[in-house]
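I sat down with this one for an afternoon and kept notes as I went. Here they are, in the order I looked things up.

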Amino acid sequence: MKLQLKELTDAGFIRPSRSAYGALVLFQRKKDMNELWMCCDYCALNKKTIKNRYLLPLAVDCFDKLAKARVFSKIDLRHGYYQLWITEGDKRKTMIVERYGSFEFLVMPFGLCNAPATFFTLMNDILRPYLDSFIVVYLEDIVVYSDNMDDHKKHLPLVFEALKKSQLYLKKSKCMFA
C-alpha cells in the first residue's frame, strides 16, 4: 500500500484529501504475474452515480472488421484511465481511506462505474475519422489493420498524430507493430 501510494503521488495521480467521501482499498493479484493491482471499492459511490449508457461493442463485432486485413498493429495506452483528468468538483468523490491517510484521485481511477464508457467515448471521439476504415478500438486497446504494409505505414502515423494531439501516450512494451 505504501509503495502504491508513493508511486501514485509521485506520478501526480493522487493527492491528500479531507473529503467527506471515502472508499476502501483492496489488492488483487494480476493475472499471470506476481504483482498486486490496487482496487478501490467504489460500490457506494457507484450506487448513487447516474450511469452513462454508452454501450461497449461486442468483441466479436470488432473481430469481424479485421477479417480481410493482412497487417496488424496493437497499440496499448500507458496508464489507461489514468490519462483522463477528473474535474475539480468531482475529485473529492474519489477519496480512498487507508492506514496511511486519505487521498483523492486527480485522474480516473479503476472501479468507477462510468470509467469504461467515459474512456471508450473519448477514444471514439479522438479516432472517429479512422474507425472501421483501419482502426478498431476496445477500451484502451487500439488495433490498426491494413490490407498491406504500404497502407499500414500510412495508417500508423495518422493514429499516432491523433493520440499525440489529444495528449494520450502509449506503453511501448505492450504494443505490437506489423
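**Entry 1: the fold**

What pattern does the protein chain follow, read along the sequence? I read off α-β-β-β-α-α-β-α-β-β-α-β-β-α. That goes with 6 helices and 8 strands in the protein chain; I took helices (H or I, at least four residues) and strands (E, at least two) as DSSP runs, numbered from the N terminus.

A note to self on ground rules: this is a predicted model, where local features need pLDDT of at least 70 and side-chain atom pairs count only at pLDDT 80 or more, while totals for chains, interfaces and linings use all residues. Residues are numbered from 1 along each chain as its sequence is written, and side-chain values use heavy atoms, with hydrogens and water left out.

**Entry 2: the whole chain**

I got a span of about 55 × 35 × 30 Å for the C-alpha trace along its principal axes. The accessible surface comes to about 11,300 Å², by the Shrake-Rupley method with a 1.4 Å probe, and for residues only the protein chains shown count as cover. Carbon and sulfur atoms own 56% of that surface.

Of the 178 residues, 38% are buried, meaning under 20% relative accessible area (exposed is over 50%, partly exposed in between; 1.4 Å probe, protein chains only). I then checked contacts, meaning heavy atoms within 4.5 Å. Among those with a separation of 6 or more, 68% join residues 24 or more positions apart.

**Entry 3: the largest pocket**

I ran the pocket search on a 1 Å grid over the protein atoms alone: a pocket is an open set of points with protein on both sides within 12 Å along at least five of seven lines, whereas a cavity is a set where a 1.4 Å probe fits but cannot get out. Lining residues have an atom within 4 Å of a point. Grid points are joined across faces, edges and corners, and a volume is the space filled by probe spheres set on the points.

The largest pocket has a volume of about 920 Å³. It has 27 lining residues, and the closest to its centre are Lys 30, Trp 37, Phe 110, Lys 171 and Lys 174. Helix H1 (2-10), strand S3 (36-41) and strand S4 (71-76) each give at least two residues to this lining. By class I noted 13 nonpolar, 3 polar and 11 charged; Ala, Val, Leu, Ile, Met, Phe, Trp, Tyr, Cys and Pro count as nonpolar, Asp, Glu, Lys and Arg as charged, and the others, Gly among them, as polar.

**Entry 4: the second largest pocket**

This one comes out at about 370 Å³. Of its 16 lining residues, Ile 86, Asp 90, Met 108, Leu 112 and Asn 114 are closest to the centre. Helix H2 (43-48) and helix H5 (115-127) each supply at least two. The class split is 8 nonpolar, 6 polar and 2 charged.

**Entry 5: aromatics**

How many aromatic pairs does a search of the whole structure find? I have 7 in my notes, with rings of Phe, Tyr and Trp (its six-membered ring) pairing if their centres lie within 6.5 Å; planes under 30 degrees apart are stacked, over 60 edge-to-face, the rest tilted.

Tyr 82 and Phe 105 make a tilted pair, 6.1 Å centre to centre with 40° between the planes. Tyr 82 is in the loop between S4 and helix H4 (88-91) and Phe 105 is in strand S6 (residues 101-105), so the pair ties together parts 23 residues apart in sequence. Tyr 82 is buried at 13% relative accessible area, and Phe 105 is buried at 0%. Both belong to one aromatic cluster with Phe 13, Tyr 81, Phe 110 and Phe 119.

**Entry 6: three buried residues**

Met 38 sits in strand S3 and is buried at 8%. Beyond four places in sequence, its contacts include Met 1, Leu 8, Ile 96 and Phe 105. Its C-alpha is 10.0 Å from that of Gly 111, 73 residues apart along the chain.

Phe 120, in helix H5, is buried at 4%. Among the residues Phe 120 touches, leaving out those up to four places away, are Tyr 54, Pro 57 and Tyr 138. From Phe 120 to Tyr 138 I noted 7.2 Å, C-alpha to C-alpha.

Where does Phe 134 lie? I found Phe 134 in the loop between H5 and strand S7 (135-138), buried at 8%. Setting aside neighbours within four places, Phe 134 contacts Val 143, Val 144, Tyr 145, His 155, Leu 158 and Val 159.
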